[in-house]
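The following paragraphs guide the reader through the structure shown here. They begin with the build of a single chain and then turn to the places where chains and domains meet.

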Amino acid sequence: MDIVKAENLVFEYIRRDEEGNPTDVTTALDHVNIDVRQGEFIGILGHNGSGKSTFAKHLNAILYPTEGTVYVGGMNTMDDDKLWDVRSCAGMVFQNPDNQIIGQVVEEDVGFGPENLGVPTKEIWERVEESLRAVGMLEYRKKSPNKLSGGQKQRVSIAGVLAMHPKCIVLDEPTAMLDPSGRKEVVRAIRGLNDVEKMTVILITHYMDEVVHADRIFVMDKGKVVMQGTPREIFADVPTLEKLRLDVPGPTRIAWELKKKGLPLPDGILTAEELVKEIKKCR
Amino acid sequence: MIRDITIGQYYQTDSPIHRLDPRVKLLGTLLFIITLFLYKNPAGYAAGAVFLLAVIKLSRVPLRFITKGLKGILIVLLLTVIINLFLTPGTALISFWKFTITYEGVGVALTMLFRLTMLIMGSSIVTLTTTPNNLTDGLEKGLRFLKIFRVPVGDVAMMMSIALRFIPILMEETDRIMKAQLARGADFESGNIVKKAKALVPVLVPLFVSAFRRAGDLAMAMEARCYRGGDGRTKMKPLIYKKRDAIAYIILFSFVIFSVWIGRWQVINDFFNSLYLRYIIK
Amino acid sequence: MPLILDHVSQVYNADTETPVRALDDVSLVLPEGQFIGIIGHTGSGKSTLVQHLNGLMLPTSGNVYYNGRDIADKDFNKKELRKHVGLVFQYPEHQLFETDVFADVCFGPKNMGLSKKEAELAAFDALRKVDFPNELYYASVFELSGGQKRRAAIAGVLAMKPDFLVLDEPTAGLDPVGRYEILDMVSALHKESGMTIILVSHSMEDVARYVERVIVMDRGKVAFDDTPREVFTHGEELEAMGLGIPESTRIARMLKAKGIGVDPDVLTVTEAADSIYAAVTGKDK
């Protein structure tokens, strides 16, 4: 069954002047169709302003469709009675690590979601422990979030979502504000969730190298899904990606340059190791 | 500069006082303060002081930490003493120029000094021995009866705890914005008060903008994690009274009864009054 | 006039049990006209370092000299120093406060004591240099996109006409194209005006592509200070500092290790592709 299904999703922002009269309508999402199956790792790529974050907010019923429907875990997000079920089904991690940690101690923050869901005390403790362990932050459980690095804070945020036992986890540019080592540790934690815990992951980012291992990728531009497929299929088309203001991973770019020069390399090389192997074959 | 504020600080150590349920400490402080206003003779204050010192000793917080809190209100303290000293009518003790200090004035001033000092010291014990989180929990549970009057106790407690979490973040942010404006040639030091206040606009505007953005983000993050007000939530760390809390309550109530009794006992009142009449006013 | 750091150390919480040596005996000469990159991971001391360049922080030991004078001297004019050494902080758009972009850019020059007219001229000039769109000069800051805000904030420092422009992670949080646009703009500033640019970054890729000199910071010390090509020969040490080398260089080294005659010192994608092609086919280009 599809965990997430967006059908002809349209979202319009209406800008108003000081008297509240509409002045301008911006179409942030334009007939988007995206489906995600249980256990998949989905990457959604796009530059700033492509509509990818707006899409993410629909999965958690923070925004509602102007047209079309979004189903999360089989529930229509427009259904007011199911609001909290939708939110506990699709957990969200946001961009700014400082603005989503509520607790003053790491473990208390992770417990915040379960507390809201009315989980009994004893079970909250179990969930907190297992979630912190899943992101490798168990030894920091007594620390103040203010003392953690950006990458560690984001892992705490991920644990906070995991503790709600969602069916899928949506990460809205979780690495945009981190340094390279922070990015690496967060991406590693996310991959671990998908590989080990079989969690359905929707990772929204503008860094292409973070979704090299995704099962499928959707590329968004101007509110539309403009490309979709496996990483290999997507990364084969370097000119289009560059036109879409995306940063193609180094090995893919080099492979593409070499192919242009006439080397017989296959399409969509993703990693350095792969590139080296293929180049050796050329000799 | 903002970091010098000590009131409301937590002193990390382990002590019987630290381990008490915050509700005990909150109620204890409240009762302690009330008793301070019930005493009618020095014996009551002496009992209060002994109790206070015993609690401080038990809490293992160095005394200088507690007296540090007094520095902030030194001026208020002095002002109260001086006003009472000079403005209480009664039998003159010393007169010079236009001022007169009366025996009654000395008495009232001393009483006020004792009351205020003990009040501040007593209440700083709570914040020094209780984590902010624990304190909000205590307030939330202790004030739960207000729900009858439709006071959203849970939400208010949540607001307090979020405010506490964001204070260090916003202080850091203030520091950063100030530096950024200094780099653009801003000057926060020279000029009179009006000029200095004006110079703060380039700091305050970005600070407010950022605080609002954070508030918006945070609200969204909380909703996404299914926060829907205080009702129906469970607690990860619920407050449960332990045996030591019961013992503390017993000690607390015994102290209140004893000190108020001794502090208002007619025999002692009469004794001090007779001392006063016999040796001071002749 | 060069900036000289002479055995500069900065220790936080010196009187506590856990002093932090944010800078540890740093000596550097930053002459005019260079394009310098400072790299290091979070906590390596690079942000602390740049705050010493314009007197926002004074060393706990050692000296910083500008124009031959110690900036810690009592009669040294720090405001004058800040005019010559412009510092753009991380996420500089968070410091915008005026009602419109143009007024905000005028803030710096006005503080420097310029007349309204001169300040406005300087602001126009700065906005033009950062390629800020004309039609948005009088727009509210809230109407701008992320990249535009960033440009406006950089213009705010540029309007003081500094000789040194220090940018602390100017590309943080931008998407790839926004990143290159800002870096290209900075690079053009360097070429056209001969201004010294000091680019603080944790991205090896950015640094490799633009700067002529790299200063690598690690735990408060200067670990390397040389041309990018030279610095990247220390791949393993950089890796240990949590930095690594540009991906193109890394691939070239991997191929070299497998016995393919690729130049191991390539820095960019184009260089790598050319060198690999030549090595594999035996042809040049």
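In this predicted model, the elements of chain B, read along the sequence, follow the pattern α-α-α-α-α-β-β-α-α-α-α-α-α-α. Chain B therefore contains twelve helices and two strands, counted as runs in the DSSP assignment.

The overall dimensions of chain B may be considered next. Its C-alpha trace spans about 75 × 60 × 40 Å along the principal axes. The radius of gyration of chain B is 24 Å, whereas a compact globule of 282 residues would have a value near 19 Å. Of the 282 residues in chain B, 23% count as buried. Among the contacts in chain B with a separation of 6 or more, 76% are made by residues that stand 24 or more positions apart in the chain.

Chain B also meets chain A. Which numbers of residues does this contact take from chain B and from chain A? Chain B contributes 26 residues and chain A contributes 30 residues. On the side of chain B that touches chain A, at least two residues each are supplied by helix 7 (132-142), helix 8 (153-183) and helix 10 (201-224) of chain B. Helix 10 of chain B gives the most to this side, with eight residues. By class, the side of chain B that touches chain A comprises 14 nonpolar, four polar and eight charged residues.

Chain C has its own contact with chain A, in which 28 residues of chain C face 28 residues of chain A. The elements giving two or more residues to the side of chain C that touches chain A are helix 6 (176-193), helix 10 (247-257) and helix 11 (269-281) of chain C. Helix 11 of chain C gives the most, with seven residues. This side of chain C has 13 nonpolar, eleven polar and four charged residues.

Within chain C, the domain assignment gives domain 1 (1-76 + 200-243) and domain 2 (246-285). The C-alpha centres of domain 1 and domain 2 of chain C lie 32 Å apart. Eight residues of domain 1 of chain C are in contact with six residues of domain 2 of chain C. On the side of domain 1 that touches domain 2, the elements that give two or more residues are helix 7 (204-210) and helix 8 (228-231) of chain C. The largest share of that side, four residues, comes from helix 7 of chain C. By class, the side of domain 1 of chain C that touches domain 2 of chain C has four nonpolar, one polar and three charged residues.

Definitions and conventions
Residues are numbered from 1 along each chain as its sequence is written. Chains are lettered from A and ligands numbered from 1 in the order in which they are written. This is a predicted model: local features need pLDDT of at least 70, side-chain atom pairs count only at pLDDT 80 or more; totals for chains, interfaces and linings use all residues. Two residues are in contact if their C-beta atoms, placed from the backbone, lie within 7 Å. Ala, Val, Leu, Ile, Met, Phe, Trp, Tyr, Cys and Pro count as nonpolar, Asp, Glu, Lys and Arg as charged, and the others, Gly among them, as polar. The radius of gyration is taken over C-alpha atoms; the globule rule is 2.2 Å times the number of residues to the power 0.38. A residue is buried if 20 or more other C-beta atoms lie within 10 Å of its own, exposed if 12 or fewer, and partly exposed in between; C-beta atoms are placed from the backbone. Domain bounds come from an automatic or database domain assignment.
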